[in-house]
Amino acid sequence: MASATSEFPERLRRCWHPVAYDHEVTDRPVAATLLGEAVVVWRTADGRAHAMRDLCIHRGTALSLGWVADDCLVCPYHAWHYDETGACVRIPQSAHVAIPAKARTPVYQCQERYGLGWVCLSEAPPAYALPEIPEFESTDWKVVNTGPFDWQSDASRQVENFTDFGHFPWVHPGLPGDPDRPVVPDHTVEIRAHVLHYTIVRPEAPNSDAFPVFANEVTERPERRSRYELHLPYTIVLRLGWGGTKGMVYFFASQPERANRCRGYCIIGRNYDVDDPDSTLQEFERVIFGQDQRIVESQRPEQVPFDLADELHLRFDAVAVAYRRAMRAQQLG
C-alpha cells in the first residue's frame, strides 16, 4: 500500500527504473523525476554514472542546474561541491570552517545497462534484477533507441497498452494491425515470480511502403509470433518472429515520474536490415506511440485500477488481468 506521504506503493522504491538514455548523461548533470522524487544523474571523470536527490541542503536549489568539477556536482547557487557519496566537500564561502555533517544529499543506487541509466531509490537491495537480453550483446543484432515518449498517464497504463492485443486493428490500422482480422487468438499467461510469460500468434498487417520494418514476407494475411516477458512493474521484453531466422526484440521500460506522468523508453534490436538508418525505426515508433498516446491519455483513472472489479474484462484481456493480480500480489499496485 502507498504510505500517507506517497502516491506510490513503498515497494516500487525497491525496483530499478529507467531515468535517461545513457547518451543523455554527458558532462552536464541531468534532471529526472522518479516516483515523485527529484533526481539528478551525473558522471565522474571515470565515466561512472551517479544518482542523488536533486537538492542542495543549503537553500534547496536544484543541483541539476549546476555543473561537474573535480569529480563533484556543483550547486549553481553558491557553488557547494557534492561528491559521489552525497557529502558536501567544499563550501567556497567558508574556506576555513569545518563542513557540517548535515551538509549532504541522499544518493541512490544507479547502474547503466542496455543504453539506459537505471535508478533504485531504496537503500535496501533491489527487489528484482533487470532482464537478460543476450541479443543486445551480439554483434549480429543492430540496436536502435527510440523515443523517449512522455505521456500524461501513469506508467501502469503505458505498460498495459504496450501489451494489449485488442487495440491493434483500430488504433494502428495498416501498420501492426489489420481491421479485417480483429479477433484476438487464445493465449495463456504464466506467472513466475515477478515475470509474466505469454506467447501469441496473431494477425499482422502486411509491411507498409512507408514503414517496411518487419520481416514478414507474406503479402496477404501475414502473422507474427510474439513471445513476451512482462517484468514487474513496468518493463517488457518482446521477441518477434515470422517463422524464419529473422527476429526482432523490443525492450520497453516506463519511468514512473508521477501518478499521472510517465516516460517510455523503447529499444529495438533486429538481425536483419542492419544497414537501414536508425531514423526508419525511430519514425515508425514515433507514429505508433503517438497513436497510442491520445487513447491512453484519455483513460480514467490515469492509473490502472488494480482491483479487478473496477473495469470489465473479457477472455482476450488475459494479460491485463494477470498483470493486475501480479502487481497486487507483489505489493506494487
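Two aromatic rings of Phe, Tyr or Trp, the last taken by its six-membered ring, are called a pair if their centres lie within 6.5 Å. In this predicted model, ring pairs link Phe149, Trp151, Phe162, Tyr250, Phe252 and Phe289 into a cluster. This cluster makes a convenient way into the structure, and some of its members will return below.

Across the model, the count of aromatic pairs comes to 19. In one of them, the rings of tyrosine 21 and tyrosine 265 have centres 5.2 Å apart and planes at 85°, so the arrangement is edge-to-face. Tyrosine 21 belongs to strand β1 (residues 17-21) and tyrosine 265 to strand β17 (residues 261-270), so this pair ties together parts of the chain that are 244 residues apart in sequence. Both tyrosine 21 and tyrosine 265 are buried. A further pair joins phenylalanine 162 and phenylalanine 289, whose ring centres are 6.5 Å apart and whose planes stand at 40°, so this pair is tilted. Here too distant parts of the chain are linked, since phenylalanine 162 sits in helix α1 (residues 155-162) and phenylalanine 289 in helix α3 (residues 278-296), 127 residues apart. Phenylalanine 162 and phenylalanine 289 are likewise buried.

Aromatic rings also meet charged side chains. Arginine 202 lies over the face of phenylalanine 168, at 3.9 Å from the ring centre. Arginine 224 is placed over the face of phenylalanine 214, at 4.5 Å from the ring centre.

Attention turns next to the nonpolar interior. In soluble globular proteins, nonpolar side chains tend to be buried together. In this model the largest nonpolar core holds 64 residues, and the members touching the most others are Leu196, Leu230, Met248, Tyr250 and Tyr323. Leaving aside residues up to four places away in sequence, leucine 230 touches Val159, Thr163, His194, Val195, Leu196, Tyr198, Thr235, Ile236, Val319 and Tyr323. Apart from the largest core lies another, of 16 residues, including Tyr114, Trp141, Val249 and Phe251.

Two helices show how such burial is arranged. Helix α3 has 19 residues and reaches 26 Å from its first C-alpha to its last, close to the 27 Å expected at 1.5 Å a residue. Its buried residues are Thr280, Leu281, Phe284, Glu285, Ile288, Phe289, Asp292 and Val296. Viewed down the axis of α3, these buried residues fall within an arc of 140°, so they line one face of the helix. Their cover includes β11 (142-151), α1, α2 (168-171), β16 (247-258) and β17. Helix α4 (residues 318-329) has 12 residues that should span 16 Å at 1.5 Å a residue, and its end C-alpha atoms are indeed 16 Å apart. Val319, Ala320, Val321, Ala322, Tyr323, Arg324, Ala326 and Met327 are the buried residues of α4, and they pack against α1, β12 (190-192), β13 (195-203) and β14 (223-231). Just after α4, glutamine 331 takes a positive phi of about 60°.

Polar residues can be buried too, as glutamine 255 in strand β16 illustrates. Because its relative accessibility is 1%, glutamine 255 counts as buried. Residues up to four places away in sequence aside, glutamine 255 touches Pro18, Val19, Ala32, Thr33, Leu34, Arg261, Cys262, Arg263 and Tyr265. Glutamine 255 and proline 148 lie 107 residues apart in sequence, with their C-alpha atoms 9.9 Å apart in space.

Proline 148 itself deserves a look at the backbone level. This residue is found in strand β11, and the peptide bond leading to proline 148 from glycine 147 is cis, with omega near 5°. Another cis peptide bond runs from arginine 300 to proline 301, with omega near 0°; proline 301 is in the loop between α3 and α4.

Positive phi values appear in loops as well. Aspartate 70, although not a glycine, has a positive phi of about 55°. Its place is the loop between β5 (67-69) and β6 (72-74), and with a relative accessible area of 70% aspartate 70 is exposed. Alanine 193, also a residue other than glycine, has a positive phi near 55°. Alanine 193 lies in the loop between β12 and β13 and is exposed, with a relative accessible area of 64%.

Note on methods:
Residues numbered from 1 in each chain as written. Predicted model: local features only at pLDDT ≥ 70, side-chain atom pairs only at ≥ 80, totals over all residues. Heavy atoms only, no water. Core = buried A, V, L, I, M, F, W, Y, C linked by side-chain atoms within 4.5 Å. Buried < 20%, exposed > 50% of the residue type's maximum accessible area, 1.4 Å probe, protein only. Contact = heavy atoms within 4.5 Å. Phe/Tyr/Trp six-rings, centres within 6.5 Å; stacked < 30°, edge-to-face > 60°. Helix = DSSP H or I, 4+ residues; strand = E, 2+ residues; numbered from the N terminus. Lys NZ or Arg CZ within 6 Å of the ring centre and 35° of its normal. Expected span 1.5 Å × (residues − 1). Arc of directions from axis to C-beta.
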